[in-house]
Amino acid sequence: MADKMPDFSNVQSGSSSTAEKVYVVVSGDSLSKIAKREYGNANDWPRIFEANKDILKDPNKIYPGQKLKIPPK
């Protein structure tokens, strides 16, 4: 099983198409890696950091198991 990422394709969102996704951090992740995966551009990482300022104090310190909100692009 090469892809260990959780599959959120079957998650039901409300009627809003702008609903935020939730991403669970895995070992080896960084905000730039997550941004590249979600948005196609690693430089979009501040968008994720801003959306998670309630739980993130330092963009370089994310931990496996954390649930990050991924705002729509």
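## Exercises on a predicted model

**Exercise 1.** Determine where Asn 52 lies in this predicted model, and whether Asn 52 is buried or exposed.

*Solution.* Asn 52 is found in the loop that runs between H2 and E2. The next step is to compare its relative accessible area with the cut-off: a residue counts as buried under 20%, and because the value for Asn 52 is 0%, this residue is buried.

**Exercise 2.** Which backbone oxygen does the side chain of Asn 52 reach, and with which residues beyond four places in sequence is Asn 52 in contact?

*Solution.* Starting with the side chain, one finds that Asn 52 reaches the backbone oxygen of Ile 48 at 2.7 Å. Setting aside the neighbours within four places in sequence, one then finds Asn 52 in contact with Lys 67, Leu 68 and Lys 69.

**Exercise 3.** Identify the buried residues of helix H1, then establish how they are arranged around the axis and what they pack against.

*Solution.* In H1, which spans residues 31-39, the buried residues are Leu 31, Ile 34, Ala 35 and Tyr 39. Because these residues cover an arc of only 100° around the axis, they are on the same side of H1. Their packing partners are strand E1 (21-24), helix H2 (45-51) and strand E2 (67-70). After H1 comes Gly 40, which has a positive phi near 85°.

**Exercise 4.** What pattern does the chain follow along the sequence, and what share of its residues is buried?

*Solution.* The secondary structure comprises 2 helices and 2 strands, and reading along the sequence gives the pattern β-α-α-β. Of the 73 residues in the chain, 25% are buried.

Technical notes: Residues are numbered from 1 along each chain as its sequence is written. This is a predicted model: local features need pLDDT of at least 70, side-chain atom pairs count only at pLDDT 80 or more; totals for chains, interfaces and linings use all residues. Side-chain values use heavy atoms; hydrogens and water are left out. Buried means under 20% relative accessible area, exposed over 50%, partly exposed in between (1.4 Å probe, protein chains only). Helices (H or I, at least four residues) and strands (E, at least two) are DSSP runs, numbered from the N terminus. The arc is that of the directions from the helix axis to the C-beta atoms. Contact means heavy atoms within 4.5 Å. A polar contact is a pair of N or O atoms within 3.5 Å; within protein, one must be able to donate a hydrogen and the other to accept it, and residues adjacent in sequence count only if both atoms are side-chain atoms.
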